Amino acid sequence: MTTIFTLEIQNEQDVVQARQRTREIAEQLGFDTQDQARLATAVSEIARNAFQYARGGTVEFSVAGEPQEFLIRIQDRGGGIPHLEDVLAGRYASDTGMGLGIIGSQKLMDFFEIESLLGQGTTVVMSKRLSKRTPNFTDLQLQQIRESVMERSPQNPYEEIQRQNQELLRAMAELRKREEELTQLNRELEDTNRGVVALYAELDEKADSLQKANELKTRFLSNMSHEFRTPLNSILSLSRMLLTRMDGDLTVEQEKQVTFIQKAASGLSELVNDLLDLAKVEAGKIEVRPSSFEVSDLFATLRGMLRPLLVQGSSVALNIEEPEGIGQIYSDEGKVAQILRNFISNALKFTEQGEVRVTAVQRGHTVTFSVSDTGIGIATADRERIFEDFVQIESSLQKQVKGTGLGLPLSRKLTELLGGSISVRSKLGQGSTFTASIPIIYPYATEFSTLLQPMTSGRSETIASLEPTGLPILVVEDHPETLFIYENHLQQSTYQLIATRTLAQARQVLQQVRPAAIMLDIMLEGQNGWTFLREIKGDETTRSIPVVVITIIDNEKQALALGANGFLIKPVDRLQLLNKLNTLINQNKPQKILLIDDDPAYRYLVKQLLINTQLSILEAMNGWEGLNLAEREQPTAIVLDLEMPELSGFDVLKQLKSNPVTQSIPVIIYSSAQLDAETQSQLAKKSIAILSKETGSQTAAMSDDKPLACGNAKGERVYAQLQDALIKAGLVLDPCGQSHV
């Protein structure tokens, strides 16, 4: 810091001199006229306070810092400011106006600091940065400025007042000019606003006309579609009667003519159906009927339905890949199938050779269905046009195939109706890929409202409906799609889900139920999951409850450091989740399986399947022995045959579930009995899984002396079924690996 000048404040004239000196030094330091006025005003206000309230003080002018700044230090030896905090906050002003000058000076400076001690005086330090265009001053230059200021004699106070008046006049002129500009701008804005209002009125009128025209079009399409259907169905029925020779033989030429009539009627019927569906979608009258279904079942239906579209001897193959890792979807299966049928039929029409491939992949909370072909492709300019009504792109194959130009527009509208979206990738001459991304849960579904309802005070319906035999798992998750997935993952397992969407609901559940484990999402909207984790692990009553943190961000170290017992990244596989819960809940507990089967060969087969595990296996050769062992040994799970002499497996299962000691032990049915749908449904309510012995016996016959559990493909399939059932029952097993105790 280099001091340029120091001035003692002893009388009123010194206050004026402080203002003059500030202006002179600021001018030589390169400040413009406005900044000179700001600096002079701030210094004169603080200097006047020092003279008026402390009867004097000192003003020190310096240049300091990097980058350089003009620094002024004003110090008095008065009694201090008793209400400094109120003054700086703008809450205090004396009758003399003290406080207004301090706040005003603070606003004029880049830096302002004030320190006041009662009985010891007040020190104010304020500064303003030098212009970036001004080069740094050297010590020699600052020395020259100091000498220049020292040589100047103080100006007449009246001259300073005259200069202040000139500054005020310039400021008023500038304000008047800005006021005139604002007035002109307001006039322009008013004119613009009137134009915008008129434009909005015109747009509203046109929108109303378009809405009426759209309603008329929709009504016309709907009515005409219904009117067309009756004669078309008659034509199709009569054509079918003629072609089946119900009223006598046809000549070859007549058969050809009737066939042409039937094809034309079929094409027209397809057009009418598409028009009717489009009209319903646009009118908002189409109904979505969501239900749970498996993608693998949907694909199996498509295979059978679309195989007739392939011409015999065609060089185009239709490959519908078996989906992997996709659970149940809750949406409108019929509309999803309709979307895929349109994609596939289009791909088959415009593919001369190669293949059409259908796939499905789960990404987060959506399932992406893709239909790829090796056909003629679509030009970049036409990729949006194909989704316009009745548009058909000119191509070499267009004349050979018939279409309405409504399939793709309808598919897009149906996909959006289900909450999804459609995209397309294509290259001319190489093929196209149409993709439909469908939410796993239909966004407007109401059937799962019990999962999503906020908990109310008192005992909630969710808690009241808990089964006595299932271990409760508290889930804290705010996404309904994820809750639906978790519910499916825990179905038919030894666990049951308690769903909460907020931390407040989770705390309420913990007051009423002690869950076997907690599944916690950290990324809760507007809530802090980390705080809840600390809360659980810091409370003696909940500290021992295992907590699995499940989130989309890989912050495992932080989760474990805060006390989490496990960590998983979304999306979570069912077996992965169950294995994690089994490990945390059943750790340090012996894992025992009780086999109840009168056939020693099948008991041997099950033991062979589990030969590479560390499970303790108990055997019972009849139902009575099995009931006694189950009550005495309390196994982790029971594998039960249904067909046994004396006491059948049905009776054993009934007694196991009626005995309070054994009713919570999960049971796996492993039988060769042929079961009808009703019996299977009844058994499914009392067991974890139903496995067939037939698969196991065939595998044993073809094992070629290889270990059944691993190293043998057929053995691995059987082991995988049993493993899946055992994991549902609460045991910890790695795929073709060791059990964990």
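A salt bridge here is a side-chain nitrogen of Lys or Arg within 4 Å of a carboxyl oxygen of Asp or Glu. By that rule, the side chains of R632 and E633 form a salt bridge, with N and O 3.9 Å apart. The model is predicted. Across the whole structure, a search finds 16 salt bridges. The points below cover these pairs, an open five-stranded sheet, the surroundings of T636 and two separate nonpolar cores.

**Salt bridges**

- In the R632–E633 pair, R632 has a relative accessible area of 57% and is therefore exposed.
- Its partner E633, at 28%, is partly exposed.
- D110, K128 and R129 belong to one network, joined by salt bridges that share partners.
- R48 and E12 are also bridged through their side chains, at 2.4 Å from N to O.
- Because R48 is in helix α2 (residues 33-54) and E12 is in helix α1 (residues 12-28), this bridge ties together parts that are 36 residues apart in sequence.
- R48 is partly exposed, with 32% relative accessibility, and E12 is partly exposed as well, with 39%.
- Another bridge links the side chains of D724 and R574, at 2.6 Å from N to O.
- D724 belongs to helix α23 (residues 713-728) and R574 to helix α17, so here the tied parts are 150 residues apart in sequence.
- D724 is buried at 18% relative accessible area, whereas R574 is partly exposed at 23%.

**The five-stranded sheet**

- The strands of this open sheet follow the order β14-β13-β15-β16-β17, and their pairing is parallel.
- Strands β14 (495-500) and β17 (566-569) form the edges, each pairing on one side only.
- From one strand to the next, the twist averages 20°.
- Within the sheet, β13 (residues 471-476) and β15 (residues 517-520) run parallel and are joined by four bridges.
- In this pair of strands, I473 is placed opposite A517 of β15.

**Helices on the sheet**

- Helix α14 (residues 503-512) packs on the sheet and touches β13, β14 and β15.
- The direction of α14 makes about 160° with that of β13.
- Helix α17 (residues 574-586) also packs on the sheet, where it touches β13, β14, β15, β16 (547-551) and β17.
- The direction of α17 makes about 175° with that of β17.
- R574, the partner of D724 in a salt bridge, lies in this helix α17.

**Surroundings of T636**

- T636 sits in the loop that runs between α19 (623-633) and β20 (637-640).
- A polar atom of the T636 side chain lies 3.4 Å from the backbone oxygen of P590.
- With neighbours within four places in sequence left aside, the contacts of T636 are P590, Q591, K592, I665, P666, A729 and L731.

**Nonpolar cores**

- In soluble globular proteins, nonpolar side chains tend to be buried together.
- The largest nonpolar core has 44 residues, of which L298, F299, L340, F343, F369, V371 and F434 touch the most other members.
- Helix α9 (residues 333-349) supplies the largest share of this core, eight residues.
- Residues up to four places away in sequence not counted, F299 touches I320, E321, P323, L340, V358, T359, A360 and F369.
- A second core, separate from the largest one, has 42 residues, including A499, L578, I593 and I668.

Methods:
Residues numbered from 1 in each chain as written. Predicted model: local features only at pLDDT ≥ 70, side-chain atom pairs only at ≥ 80, totals over all residues. Heavy atoms only, no water. Pairing = 2+ DSSP bridges. Helix = DSSP H or I, 4+ residues; strand = E, 2+ residues; numbered from the N terminus. Axes fitted to C-alpha atoms, helices over the stretch in contact; angles between N-to-C directions. Contact = heavy atoms within 4.5 Å. Polar contact = N/O pair within 3.5 Å; in protein donor to acceptor, adjacent residues only side chain to side chain. Core = buried A, V, L, I, M, F, W, Y, C linked by side-chain atoms within 4.5 Å. Buried < 20%, exposed > 50% of the residue type's maximum accessible area, 1.4 Å probe, protein only.
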